[in-house]
Amino acid sequence: MKTKNIDAMIREALDEEDLDYFDFEEPSIPEKVTSLFQGRGRWLNVMAFILVFVLFLVSVYCGIRFFESDDGWRWSASPSSARSSVSNFR
């Protein structure tokens, strides 16, 4: 039995009424991403996206400043706290 033909075998085994119930088409990745920004909770997803992006930029900026400065201890806690905030928010 080939795995390539498994969908065809399932379609043949199901009745016409059952075929309407099952959706064999999987949405693409862009469709999945855009579906996050639709519906009642879209504002929450937009705010989360913005917050994660800003915290990532803060982490990168503080990491660069840590390696460029002579007194790196001032910048050492900020990248790790920004990264942990991003992971906690997700």
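**Close-up views of a five-helix chain**

A search of the whole structure, a predicted model, finds 2 aromatic pairs. The legends below take these pairs, then the residues around them.

**View 1. Phenylalanine 37 and phenylalanine 49 form an edge-to-face aromatic pair.** The ring centres are 6.2 Å apart. The planes meet at 85°. Phenylalanine 37 sits in the loop between H3 and H4, and phenylalanine 49 sits in helix H4, so the pair ties together parts that are 12 residues apart in sequence. How accessible are the two partners? Phenylalanine 37 has a relative accessible area of 32% and is partly exposed. Phenylalanine 49 counts as exposed, because its relative accessibility is 55% and the cut-off for exposed is over 50%.

**View 2. Phenylalanine 66 and phenylalanine 67 form an edge-to-face aromatic pair.** Here the centres are 5.0 Å apart, with 75° between the planes. Phenylalanine 66 belongs to helix H4. Phenylalanine 66 counts as partly exposed, at 31% relative accessibility. Phenylalanine 67 counts as exposed, at 71%.

**View 3. Phenylalanine 66 makes contacts beyond its sequence neighbours.** What does phenylalanine 66 touch, once residues up to four places away in sequence are set aside? The partners are Gly72, Trp75 and Ser76. Serine 78 is 12 residues from phenylalanine 66 along the chain. The C-alpha atoms of these two residues are separated by 9.3 Å.

**View 4. A nonpolar patch of about 1,200 Å² lies on the surface.** Its members are Ile29, Val33, Leu36, Phe37, Trp43, Leu44, Val46, Met47, Phe49, Ile50, Val54 and Val58. Two elements give two or more residues each: helix H3 (29-36) and helix H4 (42-68). H4 gives the most, with 8 residues. Both partners of the pair between phenylalanine 37 and phenylalanine 49 are among the patch residues. Valine 33, also in the patch, lies in helix H3. Valine 33 counts as partly exposed, at 41% relative accessibility.

**View 5. Helix H4 spans 39 Å from its first C-alpha to its last.** H4 has 27 residues. Its reach is close to the 39 Å expected at 1.5 Å a residue. Which residues of H4 are buried? They are Ala48, Val52, Leu55, Ser59, Cys62 and Gly63. H4 also supplies 8 residues to the nonpolar surface patch. Phenylalanine 49, an exposed residue, is found in H4.

**View 6. Serine 59 is a buried residue of helix H4.** Its relative accessible area is 10%. Serine 59 counts as buried because that value is under the 20% cut-off. Which residues does serine 59 contact, leaving aside neighbours within four places in sequence? The contacts are Pro79, Ala82 and Arg83.

**View 7. Proline 79 of helix H5 touches Ser59, Cys62 and Gly63.** H5 covers residues 73-89. Is proline 79 buried or exposed? Proline 79 counts as buried, at 7% relative accessibility. The contacts named in the title leave out residues up to four places away in sequence. Ser59, Cys62 and Gly63 are themselves buried residues of H4. Tyrosine 61 is 18 residues from proline 79 in sequence. In space, the two are 8.1 Å apart, C-alpha to C-alpha.

**View 8. The whole chain gives the setting for the close-ups.** How many helices and strands does the chain have? The secondary structure comes to 5 helices and 0 strands. From the N terminus, the elements run α-α-α-α-α. The chain has 90 residues, and 11% of them count as buried. Serine 59 and proline 79 are among the buried residues. The exposed area is about 8,100 Å². Carbon and sulfur atoms supply 60% of that area. Among contacts between residues at least 6 apart in sequence, 31% join residues at least 24 apart.

Terms used:
Residues numbered from 1 in each chain as written. Predicted model: local features only at pLDDT ≥ 70, side-chain atom pairs only at ≥ 80, totals over all residues. Heavy atoms only, no water. Patch = residues over 30% accessible without salt bridge, like charges linked within 9 Å, V, L, I, M, F, W, Y side chains within 5 Å. Areas by Shrake-Rupley, 256 points an atom, 1.4 Å probe, with all protein chains shown as cover. Salt bridge = Lys/Arg side-chain N within 4 Å of Asp/Glu carboxyl O. Helix = DSSP H or I, 4+ residues; strand = E, 2+ residues; numbered from the N terminus. Buried < 20%, exposed > 50% of the residue type's maximum accessible area, 1.4 Å probe, protein only. Expected span 1.5 Å × (residues − 1). Contact = heavy atoms within 4.5 Å. Phe/Tyr/Trp six-rings, centres within 6.5 Å; stacked < 30°, edge-to-face > 60°.
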